[in-house]
Amino acid sequence: MNGLLIQTSLRKYTSDFQIWIFHPNEQKWFLIDIFKQPISTPLMSLNHLQFSEGRFLCLDYPQEYKIAIISLDAIVNYEKRDIEILYHLLYPLYSHFALKSKNIELKKLIEGIKNITASLDINDLLSNILDNVASVVPGANTSAFWQYNPALDRLVCKAYRGWKPDIEKVQYQIGESVTGKTYRDGKHRIYYSFRRANEAMKGTSLINAQLLKRAFHGGRVKATVTVPVKFHDEIRGVLSIHQDSRARKLAKWDIQLINALAAQIAIAIENARLFTEIKRKNQVLVKRNDVHISLTKLSIQNKGVNAITMELNRMIKPSISFVDLLEEEFYAKDQLNHFTYEELYKLIGNRNSPIHLQLFDNGIKNFVLFPTFVGNVCAGCLIVDVKLSLTQLEYMILERGNVFLSLELAKRHAITEVHYKKMHDFYHQLLKSDHPDLLYKQGLDYGIDLKKYVISIIVEFSQFHDLQTLETKVHHFVWTIKQTFIETSKLVFGHHNKITLLLSIDSPNDLSAIMKSVESIINQWQQSEQLKLYAGVGRLYNGILSIAKTHNEAERALSYLLSKQQVGMIQYAEMGINRLFLNHHPEELQQFTDEVLSPLLSYSQDLEETLLVYMHNNRSAAKTAASLHIHINTLYQRIKKIEEILEISFDDPDMVLKIQLACYLKEA
């Protein structure tokens with residue numbers, strides 16, 4: 001700057017003068033020595049200048065810079081042309097300070113970007129962002145950064161500066177208030193008055209407005225700026241800034257700085273997000289490995305289902321319980337089961353993915369059910385009592401735990417199959433009755449006293465296409481029998497699609513109650529499981545040597561039900577005359593029936609019907625006539641005709657027995 005030219009221009013008016021410059025960013029006046037090169041440090045600074053009228057000339061420059069010329073020895077009346085000359089002569093002074101200020105701002109911006117990008121911790125990063133906003137933007141001591149929370153479907157404040165803590169409770173809908181609108185359309189907004197900013201906030205919910213009022217610091221605001229933070233045209237958040245009333249008005253340069261800072265913020269946030277995601281995934285992998293090692297150790301040591309359930313409760317906060325659906329056993333830390341076994345069966349069905357549900361019981365309780373499959377059969381269920389929702393890590397732990405619980409159930413199932421095989425072999429030794437004394441002692445080891453009364457029951461399941469499902473159903477049915485007759489001496493096992501039950505009781509008087517219990521189980525299973533069950537029951541005998549006899553009777557009773565495709569249970573003792581036909585092939589019995597009755601059918605269907613009703617009513621003419629709704633004389637005529645066609649006489653006992661058997665087989 002040419003100090004001599006300035007001095008020459010001013011000598012015309014005054015010999016003693018001072019030149020001051022007003023710095024808008026710092027809101028201060030600085031005294032300038034025009035002869036020193038370069039101008040770097042003011043000789044002195046004053047917050048306020050007061051001079052009498054006629055001694056003070058103030059020139060306005062861009063960006064709210066001002067330069068004042070003060071006459072110290074005389075009152076001055078400057079001519080317009082001289083003012084214009086002084087304005088241009090002092091312009092380099094303004095340019096120097098403005099450029100220096102811009103360099104400082106750029107330096108702060110670069111340093112801020114370095115600080116931002118240097119942090120990969122999201123919390124530290126957000127704190128650094130607002131600190132750098134305050135250093136780059138003049139008077140931006142109040143700011144907040146907002147991000148979208150998918151779980152809440154709201155914009156929430158992730159970091160703030162200059163606000164009170166109530167700002168953390170504000171939750172904007174997308175499109176609500178200035179922040180929500182900026183997030184929605186991606187356009188920055190600036191308001192240069194508090195009134196205009198308030199008008200733009202119309203539509204803000206009452207609760208948010210109240211929270212904002214409580215959170216506001218109470219100072220005066222000169223400008224309000226909201227800027228979208230974008231990464232690859234995807235909005236990652238919104239930066240809101242309040243400029244203090246004492247700061248200079250924001251210029252185009254400031255808006256450019258804010259937008260540049262927002263772009264760098266977006267990059268830094270993305271880097272931090274990627275780093276956090278990688279870190280989280282690494283933690284999940286490490287945790288997964290730890291979980292696998294811990295659960296593998298329990299499995300190798302055969303600690304069982306309960307130990308695994310307790311270990312899962314130790315690993316994560318939600319309360320966890322496990323239900324074995326095959327043996328209807330409950331494992332839990334608090335021993336409180338919110339669901340019945342029937343409810344769990346209905347809820348799970350064949351679904352193999354987690355089920356989220358709410359239970360309204362003295363308040364709302366949230367649960368997640370993890371079905372536990374052995375092969376393609378649901379054998380158990382993890383029940384997780386959660387307060388809000390499960391994290392990804394908790395999901396991973398529960399899924400890994402469920403795998404090990406499935407292995408435990410499969411292991412238990414395999415052991416059960418081995419046990420069934422041993423009992424099956426022992427039972428067939430009993431049928432041979434070789435070495436009864438030795439077999440009696442072995443029976444005691446299996447929990448059955450073979451010197452008491454014994455009875456055999458054989459239950460057969462309808463055929464299954466899926467053998468694994470069949471084995472599971474057989475296993476569950478055996479468990480049901482065991483639980484029902486827990487106090488009764490017995491031998492029970494499954495083999496293929498059959499369950500064999502050998503009961504040992506003290507007295508024949510106990511048999512009736514036992515038969516009712518078995519029949520009740522069969523009926524319940526047919527209804528709840530939608531299965532066809534056939535059960536044959538032998539007669540009650542005394543001692544180990546009678547086991548083969550009661551077993552054979554049970555087999556014959558079962559064969560009768562299967563031949564008739566009649567579900568349910570039948571006792572051999574109640575089969576009556578049907579026992580006589582068990583060893584005859586159905587075709588042979590059909591041939592006998594046809595030989596006896598076919599002549600009637602070829603002559604008249606009414607005659608066959610009359611004969612069947614007549615024999616069913618024990619040859620009572622009155623009952624038969626009433627059942628057929630015919631006159632008794634008509635009945636006598638038909639009976640006479642039947643005798644002629646069949647060449648029989650109802651007075652001959654042998655002939656009557658033959659006709660009775662044919663009619664019985666016809667109706668059976």
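Contact here means heavy atoms within 4.5 Å. Keep that in mind as you look at this chain, a predicted model in which local features need pLDDT of at least 70, side-chain atom pairs count only at pLDDT 80 or more, and totals for chains, interfaces and linings use all residues. Residues are numbered from 1 along each chain as its sequence is written, and side-chain values use heavy atoms, with hydrogens and water left out.

**The whole chain**

- You'll find 19 helices and 22 strands in the chain; these are DSSP runs numbered from the N terminus, with at least four residues of H or I for a helix and at least two of E for a strand.
- Of the 668 residues, 46% are buried (buried is under 20% relative accessible area, exposed is over 50%, and partly exposed is in between, with a 1.4 Å probe and protein chains only).
- About 35700 Å² of the chain is exposed, and carbon and sulfur atoms supply 51% of that (areas come from the Shrake-Rupley method with a 1.4 Å probe, and for residues only the protein chains shown count as cover).
- Take the contacts with a separation of 6 or more: 61% of them join residues 24 or more positions apart.

**Helix H6 and its cover**

- Helix H6 spans residues 206-215, and its buried residues include Asn208, Leu211, Leu212 and Ala215.
- Those four sit on the same side of H6, because they cover an arc of only 100° around the axis (the arc is that of the directions from the helix axis to the C-beta atoms).
- Here's the general idea: an α-helix has 3.6 residues a turn, so residues three or four places apart point the same way.
- Leu206 and Lys213 are exposed, on the face of H6 turned away from the buried side.
- Strand S8 (171-172) is part of what covers the buried residues of H6.

**The six-strand sheet**

- S8 also belongs to an open sheet of six strands, ordered S8-S7-S6-S11-S10-S9 with antiparallel pairing (two strands pair if DSSP finds at least two bridges between them).
- S8 and strand S9 (189-191) are the edges: each has a single partner strand, so one side of each has no neighbour in the sheet.
- Strand S10 (residues 221-231) and strand S11 (residues 234-244) run antiparallel and are joined by ten bridges.
- Phe231 has Glu234 of S11 opposite it.
- Helix H4 (residues 177-185) lies across S6, S7, S8, S9, S10 and S11, at about 145° to S11 (axes are lines fitted to C-alpha atoms, for helices over the stretch in contact, and angles run from 0 to 180 degrees between N-to-C directions).

**The five-strand sheet**

- Another open sheet has five strands in the order S13-S12-S16-S15-S14, again with antiparallel pairing.
- Its edge strands, S13 (329-332) and S14 (355-360), each pair on one side only.
- From one strand to the next, the twist averages 25°.
- Strand S15 (residues 364-374) runs antiparallel to strand S16 (residues 377-386), with nine bridges between them.
- Phe367 has Asp385 in S16 as its bridge partner.
- Two helices lie across strands of this sheet: H8 (residues 304-315) runs at about 160° to S12, while H9 (residues 341-348) runs at about 100° to S16.

**Strand S1 and its partners**

- Six of the seven residues of strand S1 (residues 17-23) are buried.
- S1 runs antiparallel to strand S5 (residues 65-71), joined by six bridges, and Phe22 has Lys66 as its bridge partner in S5.
- S1 also pairs with strand S2 (residues 28-32) in the antiparallel sense, over five bridges, and Ile19 stands opposite Ile32 in S2.
- Leu31 is in S2 too, and it counts as buried because its relative accessibility is 10%.
- Leu31 and Ile67 are 36 residues apart in sequence, but their C-alpha atoms are 9.9 Å apart in space.

**Two more helices to find**

- Helix H10 (residues 392-432) has 41 residues and reaches 60 Å from first C-alpha to last, close to the expected 60 Å (the expected span is 1.5 Å times one less than the number of residues).
- Right after H10 comes Ser433, with a positive phi near 60°.
- Gln526 is in helix H13 (residues 511-528), and it is buried because its relative accessible area is 16%.
- Beyond its neighbours within four places in sequence, Gln526 is in contact with Leu531, Lys532, Leu533, Val567 and Gly568.
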